[in-house]
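Colleague: Let's go through the labels on this model one by one, please. I'd like each term set against its definition.

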Amino acid sequence: MSFINRLLPLVLPFAMLPVSVRAAPNAAPGQCEQAAGGFDVDAGEGVHIHIRTIGKGTPILFIPSLARGVADFDEVASLLAREGYMSILPDPRGTGRTQGPAPASLFDLAHDAEVAAARLCNGPVHVVGHAFGNRVARALATSSPGTVRDVVLLAGGGKAKSLPQVGDSITVSASESGFSDAVRLKALQTAFFAQGHDPRVWLTGWYGQALAFQGAAMKGSSVDQWWSGGSAPILLVQADEDPVAPSGNADQLKADIGDRLRTVALRRASHAILPEQPRAVAWLLARYFAGERDEAVLQGGTDARVER
């Protein structure tokens with residue numbers, strides 16, 4: 001039995017009907033509105049999405065990890081703001097102020113992201129998916145190619161198996177009330193943080209409802225439906241010490257989509273990535289989204305910004 005089956009409560013599938021997505025009413029073609037103070041969007045079928053932004057400029061849509069909130073991206077988003085990027089940060093269902101029923105598939109969550117992007121921007125956006133969010137990002141690129149300029153996958157798993165101990169460690173990590181801090185810190189270190197990195201930053205920030213919703217979405221979607229990410233250019237950032245999304249995923253994706261994929265190894269990082277190497281990640285995103293596709297350049301610049 002997979003760890004998803006072990007850690008999730010029973011969630012009844014809820015099929016969502018598609019709703020129309022309209023471009024940002026107040027944005028000129030190719031431009032975006034800012035929402036630094038945040039606001040809510042009615043996406044239809046009982047889904048209300050809370051969106052905020054950091055910075056102004058070229059838009060990047062962020063989709064966070066399993067059962068985590070989009071605030072995980074705030075430090076990277078602040079660094080990107082200095083480089084002329086606007087980060088779009090919608091709360092996923094089951095987190096923050098977003099409300100909605102259990103999704104039937106990853107494509108329901110991708111639709112939420114599409115609505116968020118379209119509400120702010122009159123044109124396509126760059127997309128970043130972290131861990132579980134990499135699945136949603138690829139589903140979005142598959143189902144709504146006009147929304148997506150290109151995609152970055154931080155910890156891009158899906159096919160290569162995680163190490164055996166990882167499932168239980170994720171379950172314990174995500175349970176803010178079920179285990180002692182000492183037990184959870186050990187689990188966080190095992191699944192999410194490279195040796196020598198302090199996992200205490202992730203003792204909080206978990207959402208049990210999101211865990212259930214996202215597990216249901218994965219069960220309702222086959223990997224082959226979203227794996228190739230439509231036709232979008234993709235950068236996969238492979239953390240060197242990641243036991244959850246090992247490098248076999250990058251190898252398989254390269255075999256499947258060829259030159260559409262670029263890969264960069266991230267030293268001194270595990271599955272959490274964002275709190276471990278924010279400067280390196282922000283630099284890499286800025287360069288890739290500015291059009292750099294030379295892997296040697298991207299790798300060298302990332303290596304130079306890795307913090308020990």
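Colleague: Where is V128 found, and what makes that element a strand?

Modeller: V128 is found in strand β5. The name strand is given to a DSSP run of E with at least two residues, a helix is a run of H or I with at least four residues, and both are numbered from the N terminus. Since β5 spans residues 125–130, that run satisfies the minimum of at least two. Before we go on: this is a predicted model, where local features need pLDDT of at least 70 and side-chain atom pairs count only at pLDDT 80 or more, while totals for chains, interfaces and linings use all residues. Residues are numbered from 1 along each chain as its sequence is written, and side-chain values use heavy atoms, with hydrogens and water left out.

Colleague: What makes V128 count as buried?

Modeller: Its relative accessibility is 0%. Buried means under 20% relative accessible area, exposed means over 50%, and partly exposed is in between, with a 1.4 Å probe and protein chains only. V128 therefore falls in the buried class.

Colleague: Which residues is V128 in contact with, leaving aside neighbours within four places in sequence?

Modeller: They are I60, L61, F62, I63, F73, V152, L154, L285 and F289. A contact means heavy atoms within 4.5 Å. As for D150, which is 22 residues apart from V128 along the chain, the two C-alpha atoms are separated by 8.7 Å.

Colleague: How do you know that β3 and β5 pair?

Modeller: Two strands pair if DSSP finds at least two bridges between them. Here 4 bridges join β3 to β5, and the strands run parallel, so the criterion of at least two is met. In one of these pairings, F62 has V128 of β5 as its bridge partner.

Colleague: What is on record for β3 and β4, and which way does the crossover between them turn?

Modeller: β3 (residues 58–63) and β4 (residues 85–90) pair in the parallel sense over 4 bridges. T58 has Y85 in β4 as its bridge partner. Between the two strands the chain passes through helix α2 (residues 74–81), and this β-α-β crossover is right-handed. That label applies if, with the strands pointing away from the viewer, the path from the first strand over the helix to the second runs clockwise.

Colleague: What order do the strands of the open sheet have, and which are the edge strands?

Modeller: The open sheet has 8 strands in the order β1-β2-β4-β3-β5-β6-β7-β8, with mixed pairing. β1 and β8 (261–266) are the edge strands, as each pairs on one side only. On average, neighbouring strands are turned by 25° against each other, direction ignored. Helix α3 packs on the sheet, touching β1, β2 (47–54), β3, β4 and β5, and its direction makes about 55° with that of β2. For such angles, axes are lines fitted to C-alpha atoms, for helices over the stretch in contact, and angles run from 0 to 180 degrees between N-to-C directions.

Colleague: What makes helix α5 largely enclosed?

Modeller: In α5 (residues 166–173), 6 of the 8 residues are buried, so the rest of the structure largely encloses it. The buried ones are V166, G167, S169, I170, V172 and S173.

Colleague: How many residues are in the largest nonpolar core, and what makes a set of residues a core?

Modeller: A nonpolar core is a set of buried Ala, Val, Leu, Ile, Met, Phe, Trp, Tyr and Cys residues joined through side-chain atoms within 4.5 Å. The largest such set has 56 residues, and L61, I88, L106, V127, V151, F192 and L253 have the most contacts inside it. Its largest share, 8 residues, comes from helix α3 (residues 106–120). A second, separate core has 36 residues, including V237, V281, A282 and L284.

Colleague: How do you know that C32 and C121 form a disulfide, and why is the disulfide called right- or left-handed?

Modeller: The sulfur atoms are 2.1 Å apart, and a disulfide is a pair of cysteine sulfur atoms within 2.5 Å, so the pair qualifies. The torsion about the S-S bond is about 110°, so the disulfide is right-handed. C32 lies in the loop between α1 (3–7) and β1 (39–44), and C121 in the loop between α3 and β5, so the bond ties together parts that are 89 residues apart in sequence. At 23% relative accessible area C32 is partly exposed, whereas C121, at 3%, is buried.

Colleague: What sets E45 and A131 apart in phi?

Modeller: Most residues other than glycine have a negative phi. E45, in the loop between β1 and β2, has a positive phi of about 55°. A131, in the loop between β5 and α4 (132–143), has a positive phi near 55°. E45 is partly exposed at 36%, while A131 is buried at 4%.
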